[in-house]
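Let's go through this one by asking how each label is earned. Here is the model to look at.

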Amino acid sequence: MTGGGEAPAAAAGTAPANAPSGTVPNVVGVHLYLEQEGRVLMGLRHPDSAYAGGSWHVPAGHCEAEAATACLAREAHEETGLVIDPADVEPVHTVHMVDRPDDPPRIQLFFRAHHWEGAPKHREPDKCVAWQWWSAEDLPEPTVPYAREAIEGIRTGRAYTELGWGR
């Protein structure tokens, strides 16, 4: 709190947070931003997926009892077969979001890998039906909204986005 008892203003381009009182655990997600010749790797989520079925999304997953970069490398390999060295990634965007009022808040960490081994393979057909490279300037429809915001942020040099707060 500032001296006047008011909360600090939200960063430009964000909405003020109406967070619940008390401590609320945040789910941590990691996302792989791979760009090659101006194109971004995205997967089409299975239509029966619990979240965003039929939408395009970057390779992603939830952290378990592991460091975020180790999780990123694990998830990338599980989903796409790509081999990523956790030491060879850099954070490029963070999204702090609330999807629905009853859901826990989420911290979505986006990392860029500068090098990787292999070509994307279809390894989890129950979760993703295809991998494809898309122009970063012309993403497919529908793209998961927070992923679209993050990709736009990465392209413009904006490091942080807040979504869904203040509803």
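Q: Before anything else, what do buried, partly exposed and exposed stand for here?
A: Buried is under 20% relative accessible area, exposed is over 50%, and partly exposed is in between. Keep in mind that this is a predicted model.

Q: Why is Ala52 called partly exposed?
A: Its relative accessible area is 23%. Buried would need a value under 20% and exposed one over 50%, so Ala52 falls in between and counts as partly exposed. You'll find Ala52 in the loop between S3 and strand S4 (56-57). Ala52 also has a positive phi, about 55°, although it is not a glycine.

Q: What makes Glu37 exposed?
A: Glu37 has a relative accessible area of 77%. The cut-off for exposed is over 50%, so the label fits Glu37. Glu37 sits in the loop between strand S2 (35-36) and S3, and despite not being a glycine, Glu37 has a positive phi of about 55°.

Q: Why does Cys128 count as buried?
A: Its relative accessibility is 9%. Buried means under 20%, therefore Cys128 qualifies. Cys128 is part of strand S8. Looking across the fold, Cys128 and Pro47 are 81 residues apart in sequence, yet their C-alpha atoms are 8.6 Å apart in space.

Q: And what about Cys63, buried or partly exposed?
A: Partly exposed: Cys63 has 22% relative accessibility. Buried stops under 20%, so Cys63 goes into the class in between.

Q: How many disulfides does the model have?
A: The count comes to zero. Cys63 is in no disulfide, with the nearest cysteine sulfur, that of Cys71, 3.9 Å away. The sulfur atoms would have to be within 2.5 Å, so this pair does not make the cut.

Q: How do you know that S6 pairs with both S7 and S9?
A: Pairing takes at least two bridges between two strands. Eight bridges join S6 to S7, which run antiparallel, and one of the partnerships is Met97 with Arg106 in S7. Strand S6 (residues 89-97) also has four bridges to S9, in the parallel sense. On that side, His96 stands opposite Glu162 in S9.

Q: What is the order of the open sheet, and which are its edge strands?
A: The five strands go S5-S1-S7-S6-S9, with mixed pairing. S5 and strand S9 (160-163) are the edge strands, as each pairs on one side only. On average, neighbouring strands of this sheet are turned by 20° against each other, direction ignored.

Q: Where does that sheet fit in the chain as a whole?
A: The protein chain has two helices and nine strands. From the N terminus on, the elements run β-β-β-β-β-α-β-β-β-α-β. Buried residues make up 37% of the 167 residues.

Q: Which residues line the largest pocket, and how much space lies in it?
A: About 610 Å³ of space lies in the largest pocket. The lining has 28 residues, with Arg45, His57, Ala60, Gly61 and His62 lying nearest the centre. By class, nine are nonpolar, eight polar and eleven charged. Elements that each supply at least two lining residues include strand S1 (27-33), strand S5 (60-62) and helix H1 (68-80).

Q: Where is the cis peptide bond between Glu141 and Pro142, and what is its omega?
A: Omega is about -10° for this cis bond. Pro142 is in the loop between S8 and helix H2 (145-156).

Conventions. Residues numbered from 1 in each chain as written. Predicted model: local features only at pLDDT ≥ 70, side-chain atom pairs only at ≥ 80, totals over all residues. Heavy atoms only, no water. Buried < 20%, exposed > 50% of the residue type's maximum accessible area, 1.4 Å probe, protein only. 1 Å grid on protein atoms, 1.4 Å probe; cavity = no way out; pocket = protein on both sides within 12 Å on 5 of 7 lines; lining within 4 Å. Points joined across faces, edges and corners; volume = space filled by probe spheres on them. Nonpolar A, V, L, I, M, F, W, Y, C, P; charged D, E, K, R; others polar. Axes fitted to C-alpha atoms, helices over the stretch in contact; angles between N-to-C directions.
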